[in-house]
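Please open the model in your viewer and keep the sequence panel beside it. The tour moves from one selection to the next, and each stop says what to look for there.

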Amino acid sequence: MRTIPVVLAALPLVSCSADTATNPTAAAQVAGTWVQREAVAGLVLILDLDVRGATITGTGTYTVEDGRSGTLTATGTISDGTLRLATRDDTGEATQFVGEQVSDLELSGSLHLGPALSLTPAHLVTFDRRD
């Protein structure tokens with residue numbers, strides 16, 4: 001039986017992604033007005049976000065199915081394409097959003113009602129750009 005030598009070459013792998021922590025253009029695309037597509041637990045949010053580096057700040061409004069509405073503030077970060085936002089409304093209620101920008105016109109992720117680290121269930125949400 002004849003053996004055939006095999007040469008294996010290790011090729012470097014290159015990853016091409018929009019690292020928003022180092023790519024200000026990708027992070028800046030998150031800036032703008034975002035409208036929640038469908039109510040989650042009776043709540044709809046509209047967020048007006050500003051991005052400086054990896055820091056996100058903003059304001060917005062909320063509407064609850066019982067007819068209540070008001071204003072909110074948002075703070076958070078964006079890193080490696082992941083947005084982490086915390087909101088607090090004018091009554092002190094909090095939400096937490098973790099997601100990503102899946103296109104120029106859409107943010108998608110999970111929304112937790114309540115303060116950070118609370119044991120509330122996650123709701124899948126989509127926000128559409130309204131600029």
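Select S110 first and display its surroundings: leaving out residues up to four places away in sequence, S110 touches Q96, F97, V98, A122, H123 and V125, where contact means heavy atoms within 4.5 Å. S110 lies in strand 7, strands being DSSP runs of E with at least two residues and helices DSSP runs of H or I with at least four, both numbered from the N terminus. Its relative accessibility is 17%, so S110 counts as buried; the classes are buried for under 20% relative accessible area, exposed for over 50% and partly exposed in between, with a 1.4 Å probe and protein chains only.

Before moving on, note that this is a predicted model, in which local features need pLDDT of at least 70 and side-chain atom pairs count only at pLDDT 80 or more, while totals for chains, interfaces and linings use all residues. Residues are numbered from 1 along each chain as its sequence is written, and side-chain values use heavy atoms, with hydrogens and water left out.

Now keep strand 7 selected and add the strands that flank it. Strand 7, residues 106-113, pairs with strand 8, residues 122-129, in the antiparallel sense over seven bridges, pairing being assigned if DSSP finds at least two bridges between two strands. Within this pair, L107 has F127 of strand 8 as its bridge partner. On the other side, strand 6 pairs with strand 7, again antiparallel, over eight bridges, and here L107 is the bridge partner of Q101. Strand 6 and strand 7 form a hairpin with two residues between them.

Zoom out to the whole chain. The protein chain has one helix and eight strands, and from the N terminus on its elements run α-β-β-β-β-β-β-β-β. The eight strands make a closed barrel in the order 1-2-3-4-5-6-7-8, with antiparallel pairing. In this sheet, neighbouring strands are turned by 30° against each other on average, direction ignored; the angles are taken between axes fitted as lines to C-alpha atoms, for helices over the stretch in contact, and run from 0 to 180 degrees between N-to-C directions. Of the 131 residues in the protein chain, 32% are buried.

Where does strand 1 pair with strand 8? Select both and look for three antiparallel bridges, with V35 standing opposite D128 in strand 8. Strand 1 is mostly covered, four of its five residues being buried. On its other side, strand 1 is joined to antiparallel strand 2 by four bridges, and T33 has D48 in strand 2 as its bridge partner.

Follow the chain from strand 1 into strand 2, which form a hairpin with six residues between them, and stop at A41 in the turn, where phi is positive at about 50°. Is A41 buried or exposed? A41 counts as exposed because its relative accessibility is 54%. Leaving aside neighbours within four places in sequence, A41 is in contact with L113 and H123. The C-alpha atoms of A41 and V64, 23 residues apart along the chain, are separated by 8.6 Å.

Next, select T55 in strand 3. At 43% relative accessibility, T55 counts as partly exposed. Beyond neighbours within four places in sequence, T55 is in contact with D50 and G76; T55 and G76 are 21 residues apart in sequence and 6.0 Å apart in space, C-alpha to C-alpha.

Move to strand 5 and strand 6, which pair in the antiparallel sense over seven bridges, with L83 standing opposite G99 in strand 6. The two strands form a hairpin with four residues between them, and G92 in the turn has a positive phi of about 95°.

Finish at the largest pocket, which has a volume of about 220 Å³. A pocket is an open set of points on a 1 Å grid over the protein atoms alone, where a 1.4 Å probe fits, with protein on both sides within 12 Å along at least five of seven lines, and lining residues have an atom within 4 Å of a point. Grid points are joined across faces, edges and corners, and the volume is the space filled by probe spheres set on the points. Of its 15 lining residues, select L43, D89, E93, T95 and L113, the closest to the centre of the largest pocket. Strand 2 (43-52), strand 3 (55-64), strand 5 (82-89) and strand 6 (94-103) each supply at least two residues of the lining.
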